[in-house]
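I set out to look up the enclosed spaces in this structure, and then the nonpolar surface. The entries below record what I found.

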Amino acid sequence: MNPRKIAASYEDVTIGIFGSHSAKEVGMAAKAWGFKTVIVVQRGRDKLYTKYNRHLYDEVIMVEKFKDILNREIQEKLLELNTIFIPNRSFAVYVGYDGIEKEFEVPIYGNRFMLRAEERNHPKNQYYLLEKAGLRYPKEFKSPEEIDRLVIVKVQQAKNPLERAFFYAVSPEDYYEQAERLLKEGVIDEEGLKKARIEEYVLGARFNANFHSYALKDVFGNFDFVGFSDRRQVNLQGFLNLPAKDQLKINVPVKNEEIGHFGVTMRESKQQEVYEAAEKFIEACKAEFPPGIIGMFGLQGAMAYSPEDETKLEFVIFDVSFRVPGDPAIGPTSPEMRNLTLKHGVKIEDPLDLTMMEIKKAMELKRMEEIVT
């Protein structure tokens with residue numbers, strides 16, 4: 001069955017939600033826009049949704065493990081409800097790209113084939129796309145022996161498929177010493193270390209620049225900027241709260257595991273560069289992954305001085321999110337919500353309101369097949 005044809009046949013729509021990562025955000029936006037909702041939750045990880053926020057979900061589908069969403073009876077239930085599914089990072093990790101691309105017949109708002117581009121071992125990954133877009137990203141070192149400056153090493157955590165355990169090194173010797181310690185402590189394993197990315201550490205002010213790219217560009221325009229944010233990380237945040245002399249006393253590995261977000265702003269004279277980066281990236285994605293980005297995405301990086309010109313600030317991109325970034329701080333802290341309310345003539349309180357706005361308009365115009373894959 002073709003998900004686009006399925007979506008075109010819908011008389012009404014239920015918003016499908018994956019019970020992790022950004023499920024509350026999606027639920028709030030969907031209900032605020034008058035949609036029915038269905039959430040798929042894993043037994044034992046469900047109370048946040050089934051007990052404390054039950055009002056956000058009209059239907060609850062309980063599974064023993066998240067990958068059971070691919071089971072025929074679960075998919076049939078979602079299709080009976082006329083579900084449009086909103087993908088998030090947990091959906092990609094726990095269900096798997098092959099299952100999402102080849103087995104999951106439920107229409108997805110967005111480009112299901114781009115979720116895989118977040119993986120660094122995929123040929124057309126985010127760095128490939130950033131290169132195609134002509135955007136700056138940190139220099140990569142292919143082996144520890146090449147390290148000649150401060151680098152950050154991004155390694156998959158051994159026990160957590162969603163998170164990475166970053167460490168920093170200034171030389172090959174420093175790299176091997178720290179890697180050995182993390183291996184002994186079980187934070188990482190040999191397989192993860194082999195696949196690790198070693199890249200220059202960019203000294204700059206960090207910004208997650210968040211956007212929404214439209215499928216119905218003739219109706220809403222190419223994209224909207226929705227706001228900046230930054231991450232709070234365990235246990236890095238605790239280290240940074242200590243004086244330097246006390247940080248040196250603590251002999252435990254620093255983990256950059258994301259635990260929350262906070263809103264930030266950027267001065268207007270530098271914002272144009274961020275908009276232009278999004279524009280170039282959207283074009284590159286459209287060429288490499290037709291129909292391109294649909295829905296929310298994030299360019300996560302820093303404003304840093306150019307190595308060629310120490311007086312020039314430029315946006316350097318570390319990571320790309322090809323789906324809901326899972327950051328409930330964007331809406332409440334971003335001045336862009338007021339801007340987007342003025343632009344679209346409807347109340348916009350959260351970036352996911354734009355997702356619901358486009359789904360609702362596609363239903364009205366009978367163009368549902370254009371917003372899903």
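The entries cover the cavities and then one surface patch.

**Entry 1: cavities.** I note at the outset that the model is predicted. I searched for enclosed space and counted 2 cavities of 30 Å³ or more.

**Entry 2: the largest cavity.** I read off a volume of about 120 Å³ for the largest cavity. I then listed its lining, which has 16 residues; Tyr109, Ile294, Met296, Phe322 and Arg323 are the closest to the centre. I asked which elements give two or more residues to this lining. They are the strand β12 (295–305) and the helix α16 (352–365). Sorting the lining by residue class, I obtained 11 nonpolar, 4 polar and 1 charged.

**Entry 3: the second largest cavity.** For the second largest cavity I recorded about 30 Å³ of space. Its lining consists of Glu25, Met296, Val324, Pro325, Asp327, Ile330, Asp350, Pro351 and Leu352. I sorted these residues likewise and found 6 nonpolar, 3 charged and no polar. I noted that Met296 is among the residues closest to the centre of the largest cavity and also lines the second largest cavity.

**Entry 4: surface.** I turned to the outside of the model and asked which residues make a nonpolar surface patch of about 380 Å². The patch is made by Leu150, Val170, Tyr201 and Leu203. I located Val170 in the loop that runs between the strand β7 (164–169) and the helix α8 (172–184).

How values were computed. Residues are numbered from 1 along each chain as its sequence is written. This is a predicted model: local features need pLDDT of at least 70, side-chain atom pairs count only at pLDDT 80 or more; totals for chains, interfaces and linings use all residues. Side-chain values use heavy atoms; hydrogens and water are left out. On a 1 Å grid over the protein atoms alone, a cavity is a set of points where a 1.4 Å probe fits but cannot get out, and a pocket is an open set with protein on both sides within 12 Å along at least five of seven lines; lining residues have an atom within 4 Å of a point. Grid points are joined across faces, edges and corners, and a volume is the space filled by probe spheres set on the points. Helices (H or I, at least four residues) and strands (E, at least two) are DSSP runs, numbered from the N terminus. Ala, Val, Leu, Ile, Met, Phe, Trp, Tyr, Cys and Pro count as nonpolar, Asp, Glu, Lys and Arg as charged, and the others, Gly among them, as polar. Patches are made of residues with over 30% relative accessible area and no salt bridge: like charges are joined within 9 Å, nonpolar side chains (Val, Leu, Ile, Met, Phe, Trp, Tyr) within 5 Å. Accessible areas come from the Shrake-Rupley method with a 1.4 Å probe; for residues, only the protein chains shown count as cover. A salt bridge is a side-chain nitrogen of Lys or Arg within 4 Å of a carboxyl oxygen of Asp or Glu.
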